[in-house]
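Thanks for coming, everyone. I'd like to talk through a few charged residues and some packing, so let me put the model up.

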Amino acid sequence: MAKGLGKGINAFFPEVEAGEEDTVHQLSLKSIRPNPYQPRKHFDKQALHELAESIKTHGVLQPVIVRQSIKGYDLVAGERRFRASREAGLQEIPAVIKTMTDQQMMELALLENLQREDLSPIEEASAYQKLMEELSLTQEQLAARLGKSRPHIANHVRLLTLPAYIQDLISNKKLSMGHGRALLGLKNKNQLKSLMSKLEKEQMSVRQLEQWIQKLNQAPERNKKKAPEKNVFLREREGYLRERFGTAVHISQKRNKGKIEIEFYSEDDLQRILDMLHEKE
């Protein structure tokens, strides 16, 4: 059997039952339904065509994973191979049959794509959010389960708070995740559209965008005194806390006292931060 998730699935899901000891079956493509929990929404047509041509010559080298359903089979992993096989005109495809729950299907589909780095940052963020909701997991629990860092999960999920049109730009690779994270730091959201126009016109780098957003955030409002520039120590501490908590952090100081503001974007995000604050208690 070919290497990949088809063989190592039980390492991720020891509770998943193997179908006839991982026997490879030849199943009709018409009997298989695409995975309803597939996190990837965009498939490269050219890449699928190239895979279809390879399948015509060499066949399907790695079986897909399916589970049996009332009307046939549900595809669990191997969507690209499944689509390319249909394009290649195949009638059957090699498959391993597993007994899995909906939640296990969802998690395995995400794992497969993460291993191949096939997801856009928005698709990845949406998958994380859906897994947390469906499995009732915190960001910390999900990070441990997927072998990711907690800031990695948090930074992706925060992208879902951006307007839909900006999420689309990131999904279509017209805007990087770094640009998206920088845009999250803009305090006055009414400035977002004009900022996006400037970003597109000047083709700003992530660093240039961050610097411009910092200027916008520090710009004095009418009838308000300009806030004094922060010293190097406070800026350094803000940067440390921002990386530590995976979210925006602001430190202000007046004479011998001050305050630290830590932003959160959902109840789960708040709980994540509170858990981190209590870790060493």
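So, Glu-210: with a relative accessibility of 35%, Glu-210 counts as partly exposed. On our scale, buried means under 20% relative accessible area, exposed means over 50%, and partly exposed is in between, using a 1.4 Å probe and protein chains only. The Glu-210 side chain meets Arg-207 in a salt bridge, 3.6 Å from N to O. By salt bridge I mean a side-chain nitrogen of Lys or Arg within 4 Å of a carboxyl oxygen of Asp or Glu. Arg-207 counts as exposed, because its relative accessibility is 52%. The two are three residues apart in helix 11 (residues 206-218), so about one helical turn separates them. Helices here are DSSP runs of H or I, at least four residues, and strands are runs of E, at least two, numbered from the N terminus.

Quick housekeeping: this is a predicted model, so local features need pLDDT of at least 70 and side-chain atom pairs count only at pLDDT 80 or more, while totals for chains, interfaces and linings use all residues. Residues are numbered from 1 along each chain as its sequence is written, and side-chain values use heavy atoms, with hydrogens and water left out.

How many salt bridges are there by this rule? The count comes to ten. Another one is Glu-202 with Lys-198, where the closest N and O atoms are 2.7 Å apart. That pair sits four residues apart in helix 10 (residues 192-202), so again it's about one helical turn.

Now compare Glu-140 and Arg-150, with closest N and O atoms 3.2 Å apart. This salt bridge links distant parts of the chain, from Glu-140 in helix 6 to Arg-150 in helix 7. Is Arg-150 buried or exposed? Buried, because its relative accessible area is 13%. Helix 7 (residues 150-158) is mostly covered, in fact, with seven of its nine residues buried. At its N-terminal end, Ser-149 acts as a cap, with a side-chain oxygen 3.1 Å from the backbone nitrogen of His-152.

Last stop, Arg-67, in strand 4 (residues 64-69). Arg-67 counts as buried, because its relative accessibility is 13%. Its side chain makes a 2.6 Å polar contact with Asp-102. A polar contact is a pair of N or O atoms within 3.5 Å; within protein, one must be able to donate a hydrogen and the other to accept it, and residues adjacent in sequence count only if both atoms are side-chain atoms. Arg-67 and Asp-102 also belong to a network of salt bridges that links them with Arg-33 and Asp-74.
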